[in-house]
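Work through the exercises below with the sequence and the model open. Each task is followed by a solution in steps.

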Amino acid sequence: MIKKRGKSFERAHGLLEELRSVRAALGDGTLPTRATLQPLWILQRLLVKEITRAERKVRRIKAVLRSKSEEEAADRVSSLLTQIEGYRHLTYMWRSFGDAVAFLFLDKFALKQVFYNTQNRNAKQDAGFLSDKSGFAGEWKEVERWIRQGVPALLCDLTNTIRHGDVCVMTGPDPVLIEVKLGKLDGRGREQRDSIRQLTEFFETDASTGLRGLGEIRRTAHQTPELSYASAMEQTMIVALKTGAAVSSPESGLWYLAVADEQVDINASIEGLGLRRPIAYPLNEVKSARSWAPYTPFILSFRDQRAVFRFLWGDVLTFVIYDLEELVSASTQRGLEIDLFSREQEAAFELREPGSGRNIRLAWQMLDRLALEFTSPMWLLSAAIERLDAQEPLSSAGPFRELVGDLSQ
């Protein structure tokens, strides 16, 4: 049976809490030093140790699998495959700590850009096994060099999100990506270099042509501060771990459900909320599929160590449920028309301003933040209206404007 590495988890969680204090001090104008960044170095060293340990376990199990004959019991093979999946889950957990560091120091909308290819809208392939990298020693030395100078730096391969570059310098809000190469660049190396240059240009100028195949794009900041209910979701989990189940509603139409008792009928609980047009997000499925990136990692959203650990290992099931009719009602109250779309379409909804011809669409990828980042749905609506109001009036036959993902953030 796979070990859950509880003591290492506690150590990593404690170091992350220390880094929260370091980041808060930087926000007050305090400059980092080698001493204050010591938790950053220790945490990364711990992550390297734990990730490579899990990778060794996977290799050993795969070697055992290769030695099995076709006649051997299928349940034994199934058990070994389950163990491999467990160790992959472990490496995902450790890299989620790396993600937490990145999202703590850098802007989350900027971090989204380093998750995807620069040529298209697909997620960039991850780096694979850390222990397979021939250049790891040089990359680690680069991280240490920056930290010794009092500059926060992170090994990119210790994250699920940062898929460009080898080292990320976190002087913020945008990531500074460094490719550590020894010797002459090959074709793949030149491609990586060009991608980093394109991302760097976008971060420096807030504009790009052709990034992710989207033509000319610009990013602008939201005027209204984002509203998040992460603490409400966490408290719901904590109560459920004590009582078996808990539900809360931080905003009209928005519900958080947590279940720790297998006897609780989850479907009946959701139906009992009386929602008209509900969408439900089973967060455990997102976690188990290792598909939380490029959103803010749950390890950063939740601070209670026990709650995070038990959610990580499936001891508590969590759901975010939202009634889309709330969007319809709120839009109508603001004098806007709204159409809701299915999951088969890229946009979740379209807003139109009668008379002016102005319109905008909000992508599902943006709306999904209400679940994976516990963002207020009304804030998401306000963000769309903010962009709508910034448009010049159009004719009724004018093109749709689209708030695609977060590229305009």
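Contact here means heavy atoms within 4.5 Å. This is a predicted model, in which local features need pLDDT of at least 70 and side-chain atom pairs count only at pLDDT 80 or more, while totals for chains, interfaces and linings use all residues. Residues are numbered from 1 along each chain as its sequence is written, and side-chain values use heavy atoms, with hydrogens and water left out.

**Exercise 1.** Place T375 in the fold and describe its surroundings.

Step 1. T375 sits in the loop that runs between α14 (369-372) and α15 (377-389). Helices (H or I, at least four residues) and strands (E, at least two) are DSSP runs, numbered from the N terminus.

Step 2. Relative accessibility of T375 is 0%, so T375 counts as buried. The cut-offs are under 20% relative accessible area for buried, over 50% for exposed, and partly exposed in between (1.4 Å probe, protein chains only).

Step 3. With neighbours within four places in sequence left aside, T375 touches E226, L227, S228, R369, L370 and L380.

Step 4. With E226, the side chains form a polar contact at 2.7 Å. Such a contact is a pair of N or O atoms within 3.5 Å; within protein, one must be able to donate a hydrogen and the other to accept it, and residues adjacent in sequence count only if both atoms are side-chain atoms.

**Exercise 2.** Examine α15: its start, its span and its burial.

Step 1. At the start of α15, a side-chain oxygen of S376 comes to within 3.2 Å of the backbone nitrogen of M378.

Step 2. The expected span of a helix is 1.5 Å times one less than its number of residues. For the 13 residues of α15 this gives 18 Å, and the end C-alpha atoms are 18 Å apart, which agrees.

Step 3. Because 10 of the 13 residues are buried, α15 is largely enclosed by the rest of the structure. Among the buried residues are W379, L380, E386 and R387.

**Exercise 3.** Which residues does H89 contact, leaving aside its neighbours within four places in sequence?

Step 1. Helix α3 (residues 74-105) contains H89, which counts as buried at 10% relative accessibility.

Step 2. The contacts of H89 beyond those neighbours are K287, R290, L312 and W313.

Step 3. At L312, the side chain of H89 reaches the backbone oxygen at 3.0 Å.

Step 4. A289 is 200 residues from H89 in sequence, yet their C-alpha atoms are 9.1 Å apart.
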